[in-house]
Amino acid sequence: MAIIKIQKGTKDILPEEMPLWHFMEEKANEIFTKYGAKEIRTPIFEATELFARGVGDTTDIVNKEMYTFEKSKRSLTLRPENTAGVVRSFIENGMHRLSAPVKLWYKGPMFRYERPQAGRQRQFHQVGIEVFGIKQATADAEVISMAVNYLKALGLDDLTVELNSLGCPKCREEFKTKLKNVIRPYLSQLCDDCRTRFDKNPLRLLDCKSPECQEIYAKPEIQAVIQGDFICEECAEHFEELKSYLEILGIKYTRNKLLVRGLDYYNRTVFEIKSNNLGSQNAVCGGGRYDSLVKNLGGEDTPAIGFAMGMERLASLIAKKEYERLQAYIVSNDTKEAVKLAEELRMKGITCEFDLANKKFVKQLEKASKIAKYAVILGEDEINSGEVTIKNLDTAEQIKVSRANIIFN
Ligand code: HAM
C-alpha cells in the first residue's frame, strides 16, 4: 500500500531534535520572565476577518498566503502570525485595565502558504513578544533588548540589528506621495506586484526582490527620496530617544531605510535581526511598533510594540552540541533488582534506564555505552554487599559505592 507522506513545507520535529526545542523554549521563558513578561497561548485558528483587518488586506500574507476554510458558514484562518491574535485577546479580556506595560510572550506554530525553500516553511514556529500601553521609546528599547538578550542566551552571535522608523500616518502619507511621484514615470516597467503595491501600499515597493524593479529604484532621483529624512519632528525625536537607549544598552544597529516590513500595522520603529550565517531567508527576528492596531481592532487606543522570531531558523543556527545523555544505565542480570534500583535512582532525580528485555550482560554494557554517561553495574557480588559498581563510560574508570550513596554531577 502506498505510504502517506508529509505535506510540502511542513516538517516533523523528531525526538533527537526535541532537546534543542526545549532549550529554545526554556530560554524564552527564562529571559522574557526577567523582563516581567507573562506567557499567553491563543488559538491556532481565528476569524479570517481578524487577519484581514489586523495584518492588512494589501499584504502578501492576507492576499496569497492564508490557510482559510469555512465551517458552519464562518470563514476561519490558521494564524499566519500571532500579533493579531494576541491583540484580539488583549481587547477581549480587558487587559487595557491592567497597569501598563502589559508584556506578553508566546510560542507556537504559524501557517503561511508560501513557496517552501531553505528557511521558509508553510508550517513554522515563532517565539514572540508583545508589549502594550507605552508610547515612549523606552518600550522600543526594552523590546529590542529582549530580542538581543534572548539570542545571546541561545549562544547566537554574528547577527545584525537593522533599524528604521516608518514615521506616523501623517508623515508617511507625505513620503508615499513623494515616492509615487518619482516612481510614476517607470510604472509600466515594474513587476505586476509592484504595480499593485503602487496604488495600495507604495512603501512595500521598497522591498521588492525583482532585480528589474531594484534597478529602477536605484535611480538617483528615487534614491534621493528614499534616503531623505521624511519623518516629522515628533517621530524623529522618538527615534533619537530610542537610539540613545540602545547606546546605553550597548546594542549595535545599522539604519536600513529600505526596511519597511511585510505587515501593514507598523508605525515608527521597525527592526529586523539578520544572521550572517543563513542564505536568502536570513531574518531571524522581525518586529516593530503598532500604535493603531488595538484601536483598529475595536479596543481602547493603546500603543504597542513587539517582535517574533522564526524558531526553525534559530534552531538551524544553534551549535549542534551534544545534548545530555542519560546519566545512568543499569547493567544487571537480576531484573527484579534492576527494577528496584531504577526506581531508587529516578526518585533521586537521576535519569536512568535498564534493560527491559533481560538481554545478556555484554549486550547491556554495549547499550549503556551508546546512550549513557555511566553504567551502574549490579552483579551478584554487588547485590550481596548492598553496593554498585559505577563505570564512567568515557574514561572506563570504575568505582564501587554503596547503593544509598549514588550521586552524579
Ligand atoms: P514576520 O517578519 O512576518 O513578523 O515574521 C517574524 C519571523 O518569523 C521572521 O523574521 C522569520 O524568522 C519567521 N518566519 C516568517 N515566515 C516564515 C516562514 N514561512 N518559514 C519560516 N520562518 C518564518 C511577524 O510575524 C510579526 N507578527 C512580528 C511582530 C510581532 N511584530 C510586532 N509584534
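In the predicted model described here, 5 bridges join strand β3 to strand β4 (residues 74–78), and the two run antiparallel; strands, like helices, are DSSP runs numbered from the N terminus, with at least two residues (E) required for a strand and at least four (H or I) for a helix. Two strands are taken to pair if DSSP finds at least two bridges between them. Within this pairing, K71 stands opposite R74 in β4, and T68 stands opposite T77 in β4. The strands β3 and β4 form a hairpin with 2 residues between them, and S72 in the turn has a positive phi of about 45 degrees.

The model is a predicted one, in which local features need pLDDT of at least 70 and side-chain atom pairs count only at pLDDT 80 or more, whereas totals for chains, interfaces and linings use all residues. Residues are numbered from 1 along each chain as its sequence is written, and side-chain values use heavy atoms, with hydrogens and water left out.

The hairpin belongs to an open sheet of 3 strands, arranged in the order β2-β4-β3 with antiparallel pairing. Its edge strands are β2 (45–47) and β3 (67–71), each of which pairs on one side only. Neighbouring strands of this sheet are turned by 35 degrees against each other on average, direction ignored, where the axes are lines fitted to C-alpha atoms, for helices over the stretch in contact, and angles run from 0 to 180 degrees between N-to-C directions. The pairing of β2 with β4 is antiparallel and extends over 3 bridges, and F45 stands opposite L78 in β4.

A further set of pairings involves strand β5 (residues 102–111), of whose 10 residues 9 are buried, so that this strand is largely enclosed by the rest of the structure; buried means under 20% relative accessible area, exposed over 50%, and partly exposed in between, with a 1.4 Å probe and protein chains only. Strand β1 (residues 38–39) pairs with β5 in the parallel sense over 2 bridges, and K38 stands opposite L104 in β5. The pairing between β5 and β6, by contrast, is antiparallel and covers 10 bridges, with Y106 standing opposite G128 in β6. Ahead of this strand, a cis peptide bond joins A100 and P101, with omega about 0 degrees, and P101 has its place in the loop between α4 and β5.

Aromatic contacts were also examined. Rings of Phe, Tyr and Trp (its six-membered ring) pair if their centres lie within 6.5 Å, and planes under 30 degrees apart count as stacked, over 60 as edge-to-face and the rest as tilted. By this rule the count comes to 12 aromatic pairs. One of them is the tilted pair of F32 and Y150, with 5.3 Å centre to centre and 45 degrees between the planes. Because F32 lies in helix α1 (residues 18–34) and Y150 in helix α5 (residues 137–153), this pair ties together parts that are 118 residues apart in sequence. Both F32 and Y150 are buried.

The rings of F90 and F132 form a stacked pair, at 4.2 Å centre to centre and with 20 degrees between the planes. As F90 lies in helix α4 (residues 83–92) and F132 in strand β6 (residues 123–132), the pair ties together parts that are 42 residues apart in sequence. F90 and F132 are likewise both buried. Ring pairs also link F32, W105, Y150, F271 and F307 into a cluster. In addition, K180 lies over the face of F198, at 5.3 Å from the ring centre, where a charge is said to sit over a ring if NZ of Lys or CZ of Arg is within 6 Å of the ring centre and within 35 degrees of the ring normal.

Positive phi values were found in loops as well. D158, although not a glycine, has a positive phi of about 55 degrees; D158 is found in the loop between α5 and β7 (159–165) and, at 39% relative accessibility, counts as partly exposed. N358, also not a glycine, has a positive phi of about 50 degrees. The loop that holds N358 lies between β13 (352–354) and α14 (361–371), and N358 is partly exposed, with a relative accessible area of 41%.

At the level of the whole chain, the division is into domain 1 (15–168 + 231–317) and domain 2 (326–405), with bounds that come from an automatic or database domain assignment. The centres of domain 1 and domain 2, taken over C-alpha atoms, are separated by 48 Å.
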